[in-house]
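Subject: Structure for your files

Hello,

Here is the structure I said I would pass on. My notes follow below it.

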Protein chains: 2
Amino acid sequence: MTRELIISLDAMGGDHAPDIVIEGASIARERVPNVRFLIFGDETRIVPLLTRYPILKGCCEVHHTDKIISADEKPSQALRRGRDSSMGQTIQSVKDGKAQAAVLAGNTGAQMALAKFILRTMQGIDRPALATLIPTSRGESVMLDLGANVECDENNLVQFAIMGAAFARTVLGVSKPTVAILNVGVEELKGSDAIKNADRILREANIPMDYKGFTEGHGLGGGAVDVVVTDGFTGNIALKTAEGTARMIANLLKRSLNESLLSKIGALFASSSLMSLRNHLDPNNHNGAVFMGLNGLVIKSHGGASAKGFASAIGVAIDMAENDLAGKITRDLKNFNSTAVEQDEDQLAENDDTIVEMNIKEHK
Amino acid sequence: MTRELIISLDAMGGDHAPDIVIEGASIARERVPNVRFLIFGDETRIVPLLTRYPILKGCCEVHHTDKIISADEKPSQALRRGRDSSMGQTIQSVKDGKAQAAVLAGNTGAQMALAKFILRTMQGIDRPALATLIPTSRGESVMLDLGANVECDENNLVQFAIMGAAFARTVLGVSKPTVAILNVGVEELKGSDAIKNADRILREANIPMDYKGFTEGHGLGGGAVDVVVTDGFTGNIALKTAEGTARMIANLLKRSLNESLLSKIGALFASSSLMSLRNHLDPNNHNGAVFMGLNGLVIKSHGGASAKGFASAIGVAIDMAENDLAGKITRDLKNFNSTAVEQDEDQLAENDDTIVEMNIKEHK
């Protein structure tokens with residue numbers, strides 16, 4: 001762990017940039033002393049902030065950019081004029097090998113477009129996917145895709161499963177993660193053709209995962225599996241529904257506990273327990289979604305994350321960089337594809353046998 | 001409210017049938033004295049149970065059936081051999097005008113298939129949808145479809161919106177409910193073509209609703225709108241994700257509050273507040289999903305509902321029957337279609353104008 005890690009940061013992305021980004025980097029540096037930062041953005045705003053964090057100041061380089069991608073910029077606009085923005089330069093530093101990972105909190109669509117354009121998709125992956133950790137009653141699970149792809153075919157889903165399993169092995173520390181596809185029922189006859197075909201392929205695939213078939217929406221909160229695979233439309237809705245439900249309950253709980261003097265006293269007694277529950281569910285503690293399937297590590301932070309939240313996203317970047325996520329995916333893809341070729345050959349051989357048998361029968 | 005209501009019940013459906021069904025009917029009867037029941041199923045099991053509920057016994061008729069549709073029976077099997085089962089007969093009684101609504105807790109796929117086959121789809125509705133109430137921080141919202149249709153086009157979604165608005169006017173008591181389509185973003189350029197087209201049609205439609213455009217997963221728990229419209233795949237996943245998240249938090253909360261003596265004391269003081277929150281979130285209090293768009297009222301109860309939960313589903317059936325849900329939908333559809341025809345004619349007239357203009361230009 002003495003190897004130096006370099007993480008690039010877009011200082012200008014998110015609701016409270018650059019303050020939150022700089023403070024977040026400082027928190028992350030306290031946790032991981034062998035990390036250095038490349039910080040991209042408006043130096044007239046960044047440099048004065050750094051005076052508050054002398055340790056961070058000593059382990060970062062500020063690279064000035066004039067341009068900033070705004071929150072409402074369309075992906076196509078970002079592609080046209082965003083290469084020399086703080087966002088574009090942060091990603092470019094990964095492409096150029098100057099940083100091992102990039103962390104950005106800006107406009108998601110623009111980030112995705114620029115990251116795909118600059119880093120390109122890994123060999124064997126048709127479409128990148130956005131993956132994140134979600135809190136469950138057993139701990140945490142990985143879920144993907146969360147919105148990079150609105151429509152997905154079976155090959156996309158299979159590739160998401162491979163990438164998600166590599167994510168889980170890296171971050172959750174399980175050697176053979178359990179994986180399932182999100183569906184409206186656990187029976188094999190349910191769901192779209194893409195889902196049913198992906199299920200069939202994964203049942204036969206040779207990948208370091210324990211494929212479990214389908215899981216339903218209930219399974220998300222219950223932590224039924226380590227990796228939940230779904231298309232970007234469903235994943236986005238499921239994640240936001242879970243977050244919205246958690247927030248609703250937190251609000252209702254707060255309201256209930258303020259209802260009477262008795263309940264206020266109760267809340268006081270239970271405050272440390274309630275706080276630990278709140279910490280487990282706080283999205284800031286699960287911040288940091290990974291754009292998977294690119295030739296380079298890009299981590300997306302919530303735009304509204306706190307400094308602590310941004311530090312969590314940097315933590316994900318460090319984990320991924322130290323544990324060679326990309327290498328794992330490449331190896332798994334290679335194994336998967338070579339098995340698939342063997343199976344195709346077996347299938348062809350079987351077909352040949354069948355044809356031979358049919359010919360024999362016909363001749364009888 | 002002196003008019004007598006007749007509700008038919010499948011006594012043999014659900015995890016704890018027929019006990020839960022009979023006890024649930026008894027609870028519902030206490031709440032609504034002008035209701036009578038037709039109960040279908042195995043009389044050797046039903047009649048002994050009724051001796052425990054003399055009031056219920058005095059206001060119900062038991063109709064014996066030999067056949068029961070099992071939980072794992074496929075919809076196609078149910079169609080072939082299920083017409084004279086307790087499930088089939090319960091639905092048939094609505095078709096025959098003997099009951100104003102049916103309530104069933106059995107196999108959902110079989111119910112849907114039999115209900116569609118026996119009652120047929122309403123004129124102007126291409127596909128029925130399953131709708132239910134979900135708890136929010138503001139109260140309750142209607143959500144549909146919850147799994148009747150895995151894939152939906154724009155016309156299905158528009159019809160779901162019309163039916164959902166009628167549901168909200170009937171049960172939530174709002175004269176012009178707010179309606180939105182569930183999507184991955186609130187911008188008009190996001191989502192599938194079906195979603196974008198449905199959005200365009202609803203913006204121009206003349207229906208008693210306040211159409212708000214898109215809502216995201218966050219909006220479900222927040223109660224952003226009265227009616228959330230979505231396809232059956234997404235709706236099923238979103239509903240189950242919300243239920244699973246609520247259950248996860250309840251489990252974690254229970255665990256947290258049992259952690260220390262202090263927190264146990266706190267829980268004791270806050271117990272009545274915690275109980276009222278629990279009641280609001282208890283799926284049994286929101287039980288009763290409606291198959292909308294059929295020529296007859298069919299209400300589906302959770303298979304695992306308690307007697308109180310089954311009574312809630314009967315309550316939904318009573319509300320719907322008393323407030324003429326079907327009449328509302330029929331009128332709204334008629335208005336919507338006549339406006340749509342006018343708009344088509346306007347469009348044709350405009351096209352004619354354009355053609356004329358083009359001809360004039362060409363001749364110049």
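Which residue of β10(B) does Ala129(B) stand opposite? In this predicted model, the residue facing Ala129(B) is Met292(B). The strands concerned are β5 (residues 129–135) and β10 (residues 289–292) of chain B, which pair in the antiparallel sense over three bridges.

Both strands belong to an open sheet of eleven strands in chain B, with mixed pairing and the order β3-β2-β1-β4-β11-β10-β5-β6-β9-β7-β8. At its edges are β3 (60–64) and β8 (210–215) of chain B, each paired on one side only. The average turn between neighbouring strands is 25°, direction ignored. Helix α6 (residues 108–119) of chain B lies across β4 (101–104), β10 and β11 (297–300) of that chain, and runs at about 175° to β11(B).

Now the interface. Chain A and chain B each bring 53 residues to the contact. On the chain A side, α9 (218–222), α10 (232–257), α11 (261–269) and α12 each give two or more residues, and α10(A) gives the most, with 21. By class, this side of chain A has 24 nonpolar, 23 polar and six charged residues.

One helix pair across the interface is α12 (residues 271–281) of chain A with α10 (residues 232–257) of chain B; they pack at about 145°, axes 8 Å apart. The crossing is right-handed. Among the residues in contact are Leu274(A), Leu277(A) and His280(A) from α12(A), and Ile249(B), Leu252(B) and Ser256(B) from α10(B). This contact has seven nonpolar, four polar and no charged residues.

Regards

How values were computed:
Residues are numbered from 1 along each chain as its sequence is written. Chains are lettered from A and ligands numbered from 1 in the order in which they are written. This is a predicted model: local features need pLDDT of at least 70, side-chain atom pairs count only at pLDDT 80 or more; totals for chains, interfaces and linings use all residues. Axes are lines fitted to C-alpha atoms, for helices over the stretch in contact, and angles run from 0 to 180 degrees between N-to-C directions. Helices (H or I, at least four residues) and strands (E, at least two) are DSSP runs, numbered from the N terminus. A crossing is left-handed if the near helix is turned anticlockwise from the far one by less than a right angle, and right-handed if clockwise. Two residues are in contact if their C-beta atoms, placed from the backbone, lie within 7 Å. Ala, Val, Leu, Ile, Met, Phe, Trp, Tyr, Cys and Pro count as nonpolar, Asp, Glu, Lys and Arg as charged, and the others, Gly among them, as polar. Two strands pair if DSSP finds at least two bridges between them.
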